[in-house]
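Let's take a walk through a protein model, one spot at a time. Have the 3D view open and follow along.

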Amino acid sequence: MVAFLAAWLAAAATSAADGGDVAALQRLWSGVRDSSEQVVMSLDHDAAQWPQTSERRVRTIVAPVRVAWMGEHVLYLEEFLEDDPQDPRRQLLLQLEPAETAHAVRARLYTFASPERWTHLNHRAALAATLEWKDIVPAAGCDLLLTRSGDQFRGGTVGRRCVDVSAGVARYLDYQLLISEDLYWYRRRVLRQSDGELQQEVIGFDHFEPNKARLYACRIAWSASGNRHDLRPLLTLDLYEEGGRGRFVTPDGRALELTLHGSDWPFALEHDALLLLLQEQGGQSPLATAWAQVDAQQVALELGWLQVRCGSIAPDSDELTQ
């Protein structure tokens, strides 16, 4: 049985090795990130030790590890409070493989039977080589489905499959994640399985964000004819207002880049504004710019063949301001 499971995992990983999106996600996800994490609401007793609206700084380390029988694209994730690196609060193995839909990657999650044995696995290659199937525990139903959108990946758990009964009542986890070179955002919701009532919500942003920068969702539409009446939705990029950057390619092959600036843009110190820039990837001069008041909830570019509408996302939700 063990040999069969190992062979199945190796076969699945072989297909993953052929996916360009899988390799791109592995590259983007790998690294060290500092997040400010906030409890938006909680009915759990431990909220007394972590008051709502207060923040803690969390460090997340993600690194490729070599576990031959699991395939080529395997990541080790370790997460801990900034002042306590010797006591990780979360340790995972992430097995990446192509999903059924276009430009989507499935991350299969595994915990460790004895987590303390595998602490700092990203720095212990010899130990990683000894890992066996009995050492890991599949996180049933908790796979993450992440879809590529430009140079970002976004997605999370699917439906009510990631179930937890540790609190004495069946609850499920809704975990959403966004990853790019400049942005790491997550939202963790715990809901009661019986009626979907929210029990806890936690959000995490890049460390600077909650106090200094807002997150904007930029919806991009493209017209094949160049006529604005033929505009069709293309993709959505999430950008911070302090130099947030996102790249995408139009169906006709144009490689473009969006950048959003707020108070970090020193164009006129006495007139703060929100600035949206569109340019060719690698280009030196913008193709177009749009301006709005620095506290505006929306900013837009209208070019006929391309439309970009960016709306602020409230820090405690994923809802786009209309």
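## A loop, a strand and a helix

D143 sits in the loop that links β6 (136-138) to β7 (144-149). Keep in mind that what you're looking at is a predicted model. Is D143 buried or exposed? D143 has 18% relative accessibility, and buried means under 20%, so D143 counts as buried.

Who are the neighbours of D143? Leaving out residues up to four places away in sequence, D143 touches R106, A107, R108, L109, G156, T157 and V158. With one of these, R108, there is also a polar contact: the side chains of D143 and R108 meet at 3.1 Å.

Now hop over to Q95, which belongs to strand β4 (residues 90-98). Q95 counts as buried because its relative accessibility is 1%. Its side chain has a partner too: Q95 makes a polar contact with the side chain of Y110, at 3.3 Å.

Next, find helix α2, which covers residues 20-29. Seven of the ten residues in α2 are buried, so the helix is mostly covered. The buried ones are D21, V22, A24, L25, Q26, L28 and W29. R27 is in this helix as well, but R27 counts as exposed because its relative accessibility is 51%, and the cut-off for exposed is over 50%. Look along the chain from R27 and you'll get to A63, 36 residues apart from it; the C-alpha atoms of the two are separated by 9.1 Å. Just after α2 comes G31, where phi is positive, at about 145°.

## Two pockets

Time to look at the empty space. Rolling a probe the size of a water molecule over the atoms shows where such space is left. Here are the two pockets side by side.

| Pocket | Volume | Lining residues | Nonpolar | Polar | Charged |
|---|---|---|---|---|---|
| Largest | about 1,000 Å³ | 41 residues | 24 residues | seven residues | ten residues |
| Second largest | about 330 Å³ | 18 residues | seven residues | four residues | seven residues |

Which residues lie nearest the centre of the largest pocket? They are E79, R89, R90, L173 and R188.

For the second largest pocket, which has about 330 Å³ of space, the residues closest to the centre are G150, D151, R247, F248 and Q281. Where does its lining come from? At least two residues each are supplied by α2, β8 (152-156), β14 (232-240) and β15 (242-249). β15 gives the largest share, with four residues. So you've met one of these contributors already: α2, the helix that holds R27, helps to line this pocket.

## How confident is the predictor?

Finally, a word on trust. Averaged over the protein, the pLDDT is 84, and 83% of the residues score at least 70. Some stretches score lower: over residues 1-18 the pLDDT is below 50, and this stretch has 22 contacts in the model beyond near neighbours in sequence. Residues 266-271 also have a pLDDT below 50, and that stretch has three contacts beyond near neighbours in sequence.

Note on methods:
Residues numbered from 1 in each chain as written. Predicted model: local features only at pLDDT ≥ 70, side-chain atom pairs only at ≥ 80, totals over all residues. Heavy atoms only, no water. Buried < 20%, exposed > 50% of the residue type's maximum accessible area, 1.4 Å probe, protein only. pLDDT = per-residue confidence, 0-100. Contact = heavy atoms within 4.5 Å. Polar contact = N/O pair within 3.5 Å; in protein donor to acceptor, adjacent residues only side chain to side chain. 1 Å grid on protein atoms, 1.4 Å probe; cavity = no way out; pocket = protein on both sides within 12 Å on 5 of 7 lines; lining within 4 Å. Points joined across faces, edges and corners; volume = space filled by probe spheres on them. Nonpolar A, V, L, I, M, F, W, Y, C, P; charged D, E, K, R; others polar.
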